[in-house]
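Biologist: I am new to this structure. Please take a close look at its aromatic rings, and describe what surrounds them.

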Amino acid sequence: MNKFARSTAAAFVLFSSPAHAADLPEGAAREIILRACIGCHKAEEIAVYRFTKDEYQAIVYRMGDRGAQATRAELDVIADYLFEHFPKIEDATKINVNKASAKEIAAGLTLTNEEAEAVVKYRERHGDFHAWGDLLIIYGVDGKKIAAAKDKISF
């Protein structure tokens, strides 16, 4: 690579990085994220994530286990920062299938009481749902009803 091409490439890297940084609000973890996370994730993508504090904690620890260059304490700072600036906001018009009672699920998703009970029992045995498709594998629940109600479901 000639001298001009190297200097052009260096300038591109130098001047393109601040644009990514602009997508993240100021805060204690911003510099840690830019150092430890941006190699694999784009700042503009991080800014659209929406999770609970516990979910962020689990995610950043998993990233630490996968090689993110951050200490455990820095990962805690990152999780707090992400939750502060990009929290999960519950939509009151939707049914959170990870928290709702069987009665709420039946009414909100137009399921029978038996189907709603099956959803709750499955959740208790296997943990939280992450996508509406997760409900399709529950024995005794009509998948067509779940597909029809997918826009009413939250997690």
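Modeller: F51 has a relative accessible area of 27%, so F51 is partly exposed (buried means under 20% relative accessible area, exposed over 50%, and partly exposed in between, with a 1.4 Å probe and protein chains only). Y56, at 1%, is buried. This is a predicted model, in which local features need pLDDT of at least 70 and side-chain atom pairs count only at pLDDT 80 or more, while totals for chains, interfaces and linings use all residues. Residues are numbered from 1 along each chain as its sequence is written, and side-chain values use heavy atoms, with hydrogens and water left out.

A pair of aromatic rings is described by the distance of the centres and the angle of the planes. Rings of Phe, Tyr and Trp (its six-membered ring) pair if their centres lie within 6.5 Å; planes under 30 degrees apart count as stacked, over 60 as edge-to-face, and the rest as tilted. By this rule there are 3 aromatic pairs. In one of them, F51 and Y56 have ring centres 5.4 Å apart and planes at 85°, so this pair is edge-to-face. Another joins Y122 and F129, whose centres are 5.9 Å apart with planes at 15°, so they are stacked. Both partners in that stack are buried: Y122 at 18% relative accessibility and F129 at 2%. Y49 joins F51 and Y56 in one aromatic cluster.

Another ring, that of Y61, has a charge over its face: R72 lies there, 3.9 Å from the ring centre (this needs NZ of Lys or CZ of Arg within 6 Å of the ring centre and within 35 degrees of the ring normal).

F129 also belongs to the largest nonpolar core. Such a core is a set of buried Ala, Val, Leu, Ile, Met, Phe, Trp, Tyr and Cys residues joined through side-chain atoms within 4.5 Å. This core has 20 residues, and F129 is among those with the most contacts inside it, along with I105, L109, V119, L135 and I138. At least two core residues come from each of α6 (102-109), α7 (113-126) and α8 (143-149) (helices are DSSP runs of H or I with at least four residues, strands are runs of E with at least two, and both are numbered from the N terminus). α7 gives the most, with 5 residues. Beyond four places in sequence, F129 is in contact (heavy atoms within 4.5 Å) with V97, N98, V119, Y122, R123, D134, L135, I138 and F155. Another core lies apart from this one and has 18 residues, including A29, V60, L75 and L82.

Y49 and V60 turn up again at the largest pocket, being among the residues nearest its centre, with H41, I59 and M63; 15 residues line this pocket. On a 1 Å grid over the protein atoms alone, a pocket is an open set of points where a 1.4 Å probe fits, with protein on both sides within 12 Å along at least five of seven lines, and lining residues have an atom within 4 Å of a point. Two or more lining residues come from each of α4 (53-65) and α5 (72-85), and α4 gives the most, with 5.

F155, a contact of F129, is also touched by N96, as are E90 and S154, not counting residues up to four places away in sequence. N96 is found in strand β1 (residues 95-96) and is buried at 8% relative accessibility.
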